[in-house]
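Got the model loaded and your selection tool ready? Let's walk through it stop by stop.

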Amino acid sequence: MVHLAAVKKDDEVVDHLARQVESIGGPPDENDYYTNVYGSHFAADHMPQHEMPEREMPRQVAARLIKDELSLDGNPKLNLASFVTTYMEEEIEQIMTDSFSKNFIDYEEYPPLRRDPEPLREHDRPPLQLPHRSQRGKCHGYFHHWFLGGHHAWYLGHEEALAKQAAVQVCWEKAARYFDIEERYVYCTDSRYVIDPKQAVDLIDENTIGICAIIGTTYTGEYEDVKGINDLLVERNIDCPIHVDAASGGFVAPFTVPDLEWDFRLEKVVSINVSGHKYGLVYPGVGWVIWRSPEYLPQELVFNINYLGADQASFTLNFSKGAAHVIGQYYQLIRLGKHGYRSIMVNLTRIADYLTQELEKLGMIIMSQSKGKGLPLVAFRLPPNNNRVFDEFAVAHQLRERGWVVPAYTMAPHSEKLQLMRIVIREDFSMNRCDSLLTDIKLALQTLESMDEGMIAKYKAHIQSHRAHPRNKRTHHAYHGEKHSLQGKTGKTHGVC
Ligand SMILES: *Cc1c(COP(=O)(O)O)cnc(C)c1O
């Protein structure tokens with residue numbers, strides 16, 4: 001999300017000259033930063049916040065001040081809310097750093113960025129294939145089969161409706177808004193958090209451009225029944241394509257449940273998106289879209305350009321983009337191979353199963369799947385108990401005080417009375433870390449259980465004031481209270497990704 005909240009109202013912009021503190025003696029000399037950064041006048045000045053300063057500052061000073069400010073950030077490794085990669089090997093980190101100055105859009109100048117994959121054969125392979133070197137000139141780069149980009153599937157059509165389930169990630173709402181596509185939702189219920197194939201297919205009319213199903217929903221990590229939708233479409237002889245949003249599950253399901261059919265083995269599936277920076281194991285900034293065959297990527301969306309020094313075809317919404325993450329993805333694919341990905345995904349699934357078991361022992365109600373039937377995450381809620389005076393949000397806050405970020409949510413529309421917590425098991429979440437987390441969850445519960453109603457009320461007020469603190473403000477004053485999105489209309493919390 002854009003950090004609109006950081007944009008200040010005019011009356012919040014303080015003239016920082018007026019904030020200079022009168023103190024002993026004069027400030028250090030303008031150019032006196034030889035002692036070290038903290039002996040220079042910069043250390044005793046306020047950081048420029050609202051205006052670009054007139055004068056330069058030495059690079060060591062700028063770097064140190066920013067580093068110090070960033071040290072207040074949470075520890076990404078303890079952020080169990082996010083699917084996004086927090087660990088890569090040093091070897092590739094170095095190569096990625098060395099590639100910062102490469103623009104992905106200039107791939108004509110950087111031949112290795114332009115590896116053509118072997119065309120995907122339609123029915124007989126899992127969707128994720130290692131890029132292959134193939135004969136140059138066979139097609140324009142990989143556009144026909146693969147597309148690497150910073151963004152996700154933009155399922156464009158000339159008509160109107162797109163059917164999907166209401167726990168969709170917000171990117172789908174955005175796409176529908178930007179391209180003026182009418183959305184039709186299959187709503188979740190208190191006991192079903194995935195799409196109902198029949199309801200989805202019943203929503204189709206002559207203007208429907210596609211059905212979007214999710215492999216690894218944001219809330220509970222479940223794999224939706226893509227085959228069920230496919231088979232109904234075939235049975236009823238309906239000409240409507242399926243797009244699979246496999247942002248989170250595209251690099252998991254092929255390794256943990258290879259027999260699950262959700263990809264091009266199903267005839268109605270024409271495109272799939274997957275986030276390289278989730279279980280593709282690359283740092284944030286890369287996503288992929290794969291089309292079944294060239295005819296599904298409309299010709300009129302591919303633009304031929306020659307002003308970057310060579311003829312090239314462009315299919316992107318954004319133009320320039322760093323190439324480092326594409327290189328990072330290439331490394332992970334050849335470094336790990338299918339065996340490596342399988343080993344990692346199987347380990348994560350085992351750890352998720354262990355965590356599930358331990359949370360069940362604590363009485364939690366588990367809302368996610370185990371044994372690889374869904375993503376390696378655990379979604380759970382507190383057991384129903386009328387005497388309990390705290391909720392999932394209080395547990396989340398307790399864990400936060402111990403450094404862990406474990407989000408509490410309200411469920412998707414029509415089941416939003418349900419609150420849940422979610423722990424995403426990422427590559428660097430080893431069993432040892434899992435045990436530390438479990439210890440802290442037990443402590444958090446003990447602490448909350450030892451509070452009586454009066455204390456809990458005070459604690460809730462404390463959480464509330466913490467949330468209301470300007471530093472935790474999430475929306476910009478000019479844009480808060482929007483009523484157009486699923487969240488604005490229904491109070492659904494958007495899952496964190
Ligand atoms: C994360 C996620 C997205 C968005 O993907 P990004 O790579 O973070 O842009 C879309 N859909 C689902 C199901 C997701 O989990």
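Here is what to select, in order, and what you'll find there.

**Before you click**

This is a predicted model, so take note of the filters: local features need pLDDT of at least 70, side-chain atom pairs count only at pLDDT 80 or more, and totals for chains, interfaces and linings use all residues. Residue numbers start from 1 along each chain as its sequence is written.

**The whole chain**

Color by secondary structure and you should get 12 helices and 13 strands; these are DSSP runs numbered from the N terminus, with helices being H or I of at least four residues and strands being E of at least two. Buried residues make up 35% of the 497 residues in the chain. Here, buried means 20 or more other C-beta atoms within 10 Å of the residue's own, exposed means 12 or fewer, and partly exposed is in between, with C-beta atoms placed from the backbone. Of the contacts with a separation of 6 or more, 70% link residues 24 or more positions apart; a contact is two C-beta atoms, placed from the backbone, within 7 Å.

**Stop 1: helix H2**

Select residues 59-70, which form helix H2. How many of its 12 residues are buried? The count is 0, so to speak a bare helix: H2 is hardly covered. Now check its length: at 1.5 Å a residue, H2 should span 16 Å, and its end C-alpha atoms are 16 Å apart, which agrees. The expected span is 1.5 Å times one less than the number of residues.

**Stop 2: strands S4 and S5**

Jump to residues 208-214, strand S4, where 7 of 7 residues are buried. Add strand S5 (residues 242-245): the two run parallel and are joined by 4 bridges. For strands to count as paired, DSSP must find at least two bridges between them. From S4 the chain crosses through helix H6 (residues 226-235) to S5 in a right-handed β-α-β crossover; that is, with the strands pointing away from you, the path from the first strand over the helix to the second runs clockwise.

Zoom in on Ala 213, whose bridge partner in S5 is Val 244. Beyond its neighbours within four places in sequence, Ala 213 is in contact with Ile 195, Glu 224, Val 226, Ile 229, Ile 242 and Val 244.

**Stop 3: the largest nonpolar core**

Keep Ala 213 and Val 244 selected and add Val 395: these three touch the most other members of the 96-residue largest nonpolar core. Such a core is a set of buried Ala, Val, Leu, Ile, Met, Phe, Trp, Tyr and Cys residues joined through C-beta atoms within 7 Å. Helix H8 (residues 324-361) gives the most to this core, with 11 residues.

**Stop 4: Val 201**

Find Val 201 in helix H5 (residues 197-202). Val 201 is buried, with 23 other C-beta atoms within 10 Å. Leaving out residues up to four places away in sequence, Val 201 touches Ile 229, Leu 232, Leu 233, Arg 236 and Ile 238.

**Stop 5: the antiparallel sheet**

Finish with the open sheet of 4 strands, ordered S10-S11-S13-S12 with antiparallel pairing. Strands S10 (365-366) and S12 (408-410) stand at the edges, each with a single partner strand, so one side of each lacks a neighbour in the sheet. Strand S13 (residues 419-424) is joined to S12 by 3 bridges; look for Tyr 409 opposite Leu 420. With strand S11 (residues 377-381), S13 pairs over 4 bridges, and there Leu 377 stands opposite Val 424.
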